[in-house]
Amino acid sequence: MKKLIVIGIMVISLSAYFALTVLVLPEKFLAQEQLVPIPYLEVELSKIEIDLGQSFILSTISENIGDYGDIHIVSAAFPTVQNIENNVKIVSYDFSNSPNYINYEDKIGANYSGGLESVLAQYPSIEAMNRPVYPGIKYVMDLQITPEEAGVFAVYLKAINIPHTSSSSHFPQSGQLDHQGEHVLVYTVNVNP
C-alpha cells in the first residue's frame, strides 16, 4: 500500500513538472524581453598605398553598443590570397580568447546561423573572439600585413555578436557579402610593383 502511495506521489510530481516545463515556463521565457547585443566596428589602415615588400598595419576597434551578449567576434578575411601564414601577423589584441586562423577550405559557419549552416572557406581569415560581451568596452586587434604580389590587396572585415537575434547583431548590416553569406566592410591597399 505504501508503495502505491509513493508511486502515486511520484507520478503526480513528474506530471506537474512536465506540465510546467512544457506548457507554462516556455511562455514565461518567451514573454521576457530578449537582449540585443549590437556590435560596432571601426577600421584604420596605416597606409593605402605601398611598394611590394613593404608592410601596412590594419587596426580594428570594436565594441558592443547594445545589450549584454555571450560572444563578440571580429573577422578579418583576405580574399586575394590562399595562405596568410607568411604575410599576415597579429601584432596585438586584447580579446579574451586568442585569435583563430581559418584556412582555405576549412569548414565554417554561414548565414549568421550560429553553426547550423556551413560552407568551405574560399579564402583565409582571422577571427578574434571575446566572451562575455559587456556594453561599452572596446576591443582592439592590430595586424601587420605584407602582401606578396603587386595589385589591389583586399581585406573583408565584420563584427558579429551572439546571440544573433536580428540584423542589429552584426556589423555592417548591408553591403557586400562574403563567402559565408554575411555582410562585410571592404578595405583595399594598392601594392605597387
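The following exchange introduces a predicted model of one protein chain.

Colleague: How many helices and strands does the chain have?

Modeller: From the N terminus on, the elements run α-β-β-β-β-β-β-β-β-β-β-β-β-β. The helix thus stands at the head of that order, and strands follow. In total, the chain has one helix and 13 strands.

Colleague: What share of the residues in the chain is buried?

Modeller: A residue counts as buried when its relative accessible area is under 20%. The chain has 193 residues, and the buried ones make up 36%.

Colleague: How many salt bridges does a search of the whole structure find?

Modeller: Glu-63 forms a salt bridge with Lys-138. Lys-158 forms one with Asp-178, and the side chains of Glu-182 and Lys-158 meet in another. The search of the whole structure finds three.

Colleague: How far apart in sequence are the parts that Glu-63 and Lys-138 tie together?

Modeller: The closest N and O atoms of Glu-63 and Lys-138 are 3.9 Å apart. Glu-63 lies in strand β3 (residues 56-64) and Lys-138 in strand β10, so the pair ties together parts whose separation in sequence is 75 residues.

Colleague: Is Glu-63 buried or exposed, and what is its relative accessible area?

Modeller: The cut-off for a buried residue is under 20% relative accessible area. Its salt-bridge partner, Lys-138, is partly exposed at 47%. Glu-63, by contrast, is buried, with a relative accessible area of 14%.

Colleague: Which residues are joined into one network by salt bridges that share partners?

Modeller: Lys-158 forms a salt bridge with Asp-178, with the closest N and O atoms 2.7 Å apart. The side chain of Glu-182 also meets that of Lys-158 in a salt bridge, at 2.7 Å from N to O. The network formed through shared partners therefore consists of Lys-158, Asp-178 and Glu-182.

Colleague: Where in the chain is Glu-182, and how many residues separate it from Lys-158?

Modeller: The side chains of these two residues meet in a salt bridge. This pair links distant parts of the chain, with Lys-158 in strand β11. Glu-182 is in the loop between β12 and β13, and the separation is 24 residues.

Colleague: What relative accessibility does Lys-158 have?

Modeller: Both of its salt-bridge partners are buried, Asp-178 at 10% relative accessibility and Glu-182 with a relative accessible area of 5%. Lys-158 counts as buried as well, and its relative accessibility is 3%.

Colleague: How much space lies in the largest cavity?

Modeller: The search of the whole structure finds one cavity of 30 Å³ or more. Its lining includes Lys-158 and Asp-178, along with Ser-75 and Tyr-156. By class, the lining residues divide into three nonpolar, four polar and two charged. The space in this cavity is about 40 Å³.

Colleague: Which residues are the closest to the centre of the largest pocket?

Modeller: The largest pocket holds about 380 Å³ of space. Of the 19 residues that line this pocket, the closest to its centre are Ile-73, Gly-109, Gly-114, Gly-115 and Ile-162.

Colleague: Which strands each supply at least two residues of the lining of the largest pocket?

Modeller: By class, this lining has seven nonpolar, eight polar and four charged residues. The strands that each supply at least two of its residues are β4 (71-77), β6 (100-102), β7 (107-109) and β11 (151-162).

Colleague: Which element gives the most to the lining of the second largest pocket?

Modeller: The second largest pocket has a volume of about 170 Å³. Its lining includes Thr-80, Pro-147, Phe-153 and Val-191, and by class it divides into six nonpolar, four polar and two charged residues. With three residues, the element that gives the most is β11.

Colleague: Which residues make the nonpolar surface patch of about 370 Å²?

Modeller: One member, Tyr-134, is found in the loop between β9 (125-130) and β10 (138-145). Tyr-134 can belong to a patch because patch residues need over 30% relative accessible area, and Tyr-134 is partly exposed at 44%. The patch is made by Leu-35, Tyr-68, Tyr-134 and Ile-137.

Colleague: What distance separates the C-alpha atoms of Val-133 and Glu-63?

Modeller: Val-133 is found in the loop between β9 and β10, and this residue is buried, with a relative accessible area of 0%. Val-133 and Glu-63 are 70 residues apart along the chain, and their C-alpha atoms are separated by 8.4 Å.

Note on methods. Residues are numbered from 1 along each chain as its sequence is written. This is a predicted model: local features need pLDDT of at least 70, side-chain atom pairs count only at pLDDT 80 or more; totals for chains, interfaces and linings use all residues. Side-chain values use heavy atoms; hydrogens and water are left out. Patches are made of residues with over 30% relative accessible area and no salt bridge: like charges are joined within 9 Å, nonpolar side chains (Val, Leu, Ile, Met, Phe, Trp, Tyr) within 5 Å. Accessible areas come from the Shrake-Rupley method with a 1.4 Å probe; for residues, only the protein chains shown count as cover. A salt bridge is a side-chain nitrogen of Lys or Arg within 4 Å of a carboxyl oxygen of Asp or Glu. Helices (H or I, at least four residues) and strands (E, at least two) are DSSP runs, numbered from the N terminus. Buried means under 20% relative accessible area, exposed over 50%, partly exposed in between (1.4 Å probe, protein chains only). On a 1 Å grid over the protein atoms alone, a cavity is a set of points where a 1.4 Å probe fits but cannot get out, and a pocket is an open set with protein on both sides within 12 Å along at least five of seven lines; lining residues have an atom within 4 Å of a point. Grid points are joined across faces, edges and corners, and a volume is the space filled by probe spheres set on the points. Ala, Val, Leu, Ile, Met, Phe, Trp, Tyr, Cys and Pro count as nonpolar, Asp, Glu, Lys and Arg as charged, and the others, Gly among them, as polar.
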